[in-house]
Amino acid sequence: MASALARTTRTTLSRYTHSLLGRTYTSPAASLLLRRNVAIGPTPTHQFLGLRRASTAASLKQSDPVDHAAADEAALEEEIEEQDDAERLPEFQSLEGSIHPLTLKALVQKPFSLKTMSPVQAEVLPMLPLLAEPYSNATKDNKRDLFVKARTGTGKTIAFLVPAIEARMKDIDAHVKKALADAGKVGDARMEQDIRRNFVHSNVGTLILSPTRELATQIAREAQKLTEHHEPMGVHLLVGGMPRGAQLRNLLRGRKDIIVATTGRLRDLMSEPDVLEAVSKTRTLVLDEADTLLDMGFRPDIDAISRELPPKGERQSFMFSATVPAAIKSVAHEILHPKFVYIDCVPKDAPVVNNDITMRHTVLPSAADQIPTILQMIAHDQLVNAGASKIVVFCNTTSMTRLLATMVRELAADTLPSARGSRIYEIHSKKAQDTRFNTSARFRADTTGCSVLITSDVSARGVDYPGVTRVIQVGIPTSSSQYVHRVGRTGRAGKTGRSDLILLPFEASFVQTSLGEFSVPHLSVEELQAQLFELCAEYDSNPTAFWKDAIAKLPPVKQAPLPRFSGRRAPVAEGPRMHRAPVTEHVKVVPDTVKAFLTHIDSQAIDETFMSSLGYYAGQVQNLRGSKREILDGLKSWAVDGCAQPVPPHVSVSFLNKVGFSVNERPGDRGRERKPHWGSPRNQGTYGMGRSDGHSGGNYRNRDFDESAMWGGRSRDQGSYGGSSSSYGGSSSSPRSRDSRAARRDEGGDAAFGGQVERSDSGSGSPFRLTTDRRVGQGRDEYKDRAKHHWKGRGKKGSKTSY
Ligand SMILES: Nc1ncnc2c1ncn2[C@@H]1O[C@H](COP(=O)(O)OP(=O)(O)OP(=O)(O)O)[C@@H](O)[C@H]1O
């Protein structure tokens, strides 16, 4: 073992030396996997390598079922080699003497308690202390800039933070030493203190740029944890949506060791001369999720910021990402020194998705299957990972995120094994920023085993929610890279994970056009249901035994400390909650439950979601083989079949033209869209949904189901927003209950979180009121205005509105 470690360190160092001579290399771990493409054992170290065990043996067994002996021999041989390979990953302790003892303490003791480096860390960290040397005539020819590609969830944050922190400390020491020598005051403690103080307040150590506020917050938190044992260091989080004044004040007053920022807020603050002055002396620049930051949407900001920094070479620059499209590689030199080192921790020709993630895609037979399938997928995970289920559901637009979150929140009690215990979280760009932080912190800390985060792409990149068991993508992502990043929210830090992509019929071609390099087999709705019903039957046959077995494998629940950048409220750790029994009868009737529920949804919300989807898919035509006409028809079918609208929302041809989605109108289209009575028995005078008699008492179950037969009579939650008996907008909303509901909403999403189902943040003006009293004329005008506003500045390639 010791010799293996020494060998690894030697290999890595020699590779670094090699790279100083101008060569790009593939990491040792990566090349190992490249050579064999085989699996790794069960320890976290092994799992960090991201491969499964004994693929060769398995394939041998498959191809020749008789020759099992040969297969077993091959498996054993592979296993021995793999053990050896895995042991090549060095332990953090091997950094002793190369990094500051207090940084090492944070890594190997509290708060991280890490033992073995991940492949990306094994590549970068042994470059220390050389990598952190201050810029000088002696070091200026060193290759100090890095461009690193490593799989999602493999610890890139630590891989760039440790060198950044080391570099800052070395810089401070070098500056103080030089200033004292220049002044002829070597040994003058007081002067040394003054020089040090002045330097740390006036020069930025490391500037880390992130594409999203969530990721920036997370990086800032990691930086704080890593510097915990040092004398207090200045870690600043500069992101939009939070008070600018406070950020500015803290920045101007404090040490400026590490700044983690989103580009918009940083540029804004750089308009302050003192901030600009400090930033212009930045020692290290880090672009996390570099491919996004160098993409069109962020490019102007990045260019403007880097113009103010010390020139390339003089400043040190790191770029990290899991995905590196060719176009981005070619512009890397605009940020990095021309002689940067490119480290690729992903084996050549191997998929960038971790091999510990099982991927599936489901093409729905019809749009009507969308919501039931999402719910059944969640139910499936809650049984497969009983007591540990933690799901992230990605939607393509903010409107869809809000709509789906509302639906899942409302339907959870009737359809999921976790029933009323379900924890439904919602994050998107229309939420207030502190709500986003708080929701994120609570979901991260959630240990109930029945939590679901429904989110837009604000959570797609970099965000680390430990223990996510499944990612569900509703609709196609913008690219294969985005697919990888979304999938990467599961299977992190050596854990296994599962990813499902749920596609409407018109989206089916995405799998061929964009996911060819991955293995994403099809899972039909029937197969999913068969698996699910089998699990349900197993659970119902002996719930206690099923549950006991499941939770026996889980680690004990720990109360997480409240980190500084996580928002106001400390997340409370709660253990898993046993599912209700029996589950089968609820899970089997999900399609009927959804159908009944949809008759109560606000059609204005459907309209808005339809419009935003139209805009989204207008930018996705190249990812789908079908015509724009098929996309438009597919979305109309989503509104009518998927959301039980009587007619598809009307979109004028001029509007379609405006958003770059012009299709030839077919004769009769307008008439069909506008006809208010188009085959809908519900549509008795009001456009869209709801009852025309002005009475809409009770919730949907009271009207469409014999609720007591299903639930044993207990009426549903007394406090979940939109979930009370007045949720669906009707006569049961007495003035008093309306007032109290409004008051709860005014408290904001977090304060209103009182029950077991998290409420939406209605402070953001949610259109998803689930009321039935749609005011036809007024609603239409408002809707047009909103749509106009919605499209302002959209439809441009690389638009970053969802962030
Ligand atoms: N050496 C290690 N051993 C075990 N866990 C680790 C190690 N290094 C980092 N981790 C943990 O792995 C998780 C993922 O780390 P991190 O968020 O840095 O991954 P990443 O590669 O940046 O992912 P992404 O590509 O999604 O941004 C974190 O919870 C982190 O604490």
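Which residues in H20 are buried? In this predicted model, the buried ones in H20 are Ser481, Gln482, Tyr483, Val484, His485, Arg486 and Val487. That is seven of the eight residues of the helix, which runs over residues 480-487, so H20 is largely enclosed by the rest of the structure.

And what lies over it? The cover on the buried residues of H20 includes helix H14 (290-293). It also includes several strands: E7 (316-321), E9 (357-363), E10 (389-394), E13 (470-474) and E14 (497-503).

If you follow the chain on from there, the loop between H20 and E14 holds lysine 495. Lysine 495 has 48% relative accessibility, so it counts as partly exposed, given that exposed starts over 50%. Its C-alpha atom is separated by 15 Å from that of methionine 117, and the two residues are 378 apart along the chain.

Let's step back to the domains. The domain assignment of the protein gives domain 1 (2-82), domain 2 (92-168 + 204-344), domain 3 (356-600), domain 4 (603-680) and domain 5 (704-803). I'd like to spend a moment on domains 3 and 4.

Here, 24 residues of domain 3 are in contact with 23 residues of domain 4. The area buried between domain 3 and domain 4 is about 1,900 Å², and carbon and sulfur atoms give 62% of that. On the domain 3 side, Leu403, Phe506 and Leu598 lose the most area to domain 4, together 28% of what that side buries. How many salt bridges are there between domain 3 and domain 4? The count is zero. There are, however, nine residue pairs in polar contact between domain 3 and domain 4, with both residues at pLDDT 80 or more. As for elements, helix H17 (370-384), helix H18 (398-415) and helix H21 (510-514) each give two or more residues to the side of domain 3 that touches domain 4.

Now for the nonpolar interior. The largest nonpolar core has 84 residues, and the members that touch the most others are Leu404, Ile454, Phe518, Phe610 and Trp638. This core draws at least three residues from each of domain 3 and domain 4. Apart from it lies another core of 48 residues, among them Ile99, Leu104, Ile258 and Phe437. As background, nonpolar side chains tend to be buried together in soluble globular proteins.

Take isoleucine 454 as an example. Leaving out residues up to four places away in sequence, isoleucine 454 touches Val393, Cys395, Thr401, Leu404, Ala405, Val408, Ile424, Tyr425, Glu426 and Ile427.

Last topic: charges. The count comes to 26 salt bridges, and I'll show you a few.

Glutamate 133 and lysine 170 meet through their side chains at 3.8 Å, N to O. This pair links distant parts of the chain, 37 residues apart: glutamate 133 is in the loop between helix H7 (119-124) and strand E2 (146-149), and lysine 170 is in helix H8. Glutamate 133 is partly exposed, with a relative accessible area of 26%, and lysine 170 is partly exposed at 25%.

The side chains of arginine 461 and aspartate 291 form a salt bridge at 2.9 Å, N to O. Arginine 461 is in the loop between strand E12 (450-455) and E13, and aspartate 291 is in helix H14, 170 residues apart. Buried or exposed, then, for arginine 461 and aspartate 291? Both are buried.

To finish, have a look at Arg168, Glu231, Arg255 and Asp257, which are linked in a network of salt bridges. Thanks, everyone!

Methods: Residues are numbered from 1 along each chain as its sequence is written. This is a predicted model: local features need pLDDT of at least 70, side-chain atom pairs count only at pLDDT 80 or more; totals for chains, interfaces and linings use all residues. Side-chain values use heavy atoms; hydrogens and water are left out. A nonpolar core is a set of buried Ala, Val, Leu, Ile, Met, Phe, Trp, Tyr and Cys residues joined through side-chain atoms within 4.5 Å. Buried means under 20% relative accessible area, exposed over 50%, partly exposed in between (1.4 Å probe, protein chains only). Domain bounds come from an automatic or database domain assignment. Contact means heavy atoms within 4.5 Å. Helices (H or I, at least four residues) and strands (E, at least two) are DSSP runs, numbered from the N terminus. Buried area is the accessible area (1.4 Å probe) that two parts lose on being put together, summed over both. A salt bridge is a side-chain nitrogen of Lys or Arg within 4 Å of a carboxyl oxygen of Asp or Glu. A polar contact is a pair of N or O atoms within 3.5 Å; within protein, one must be able to donate a hydrogen and the other to accept it, and residues adjacent in sequence count only if both atoms are side-chain atoms.
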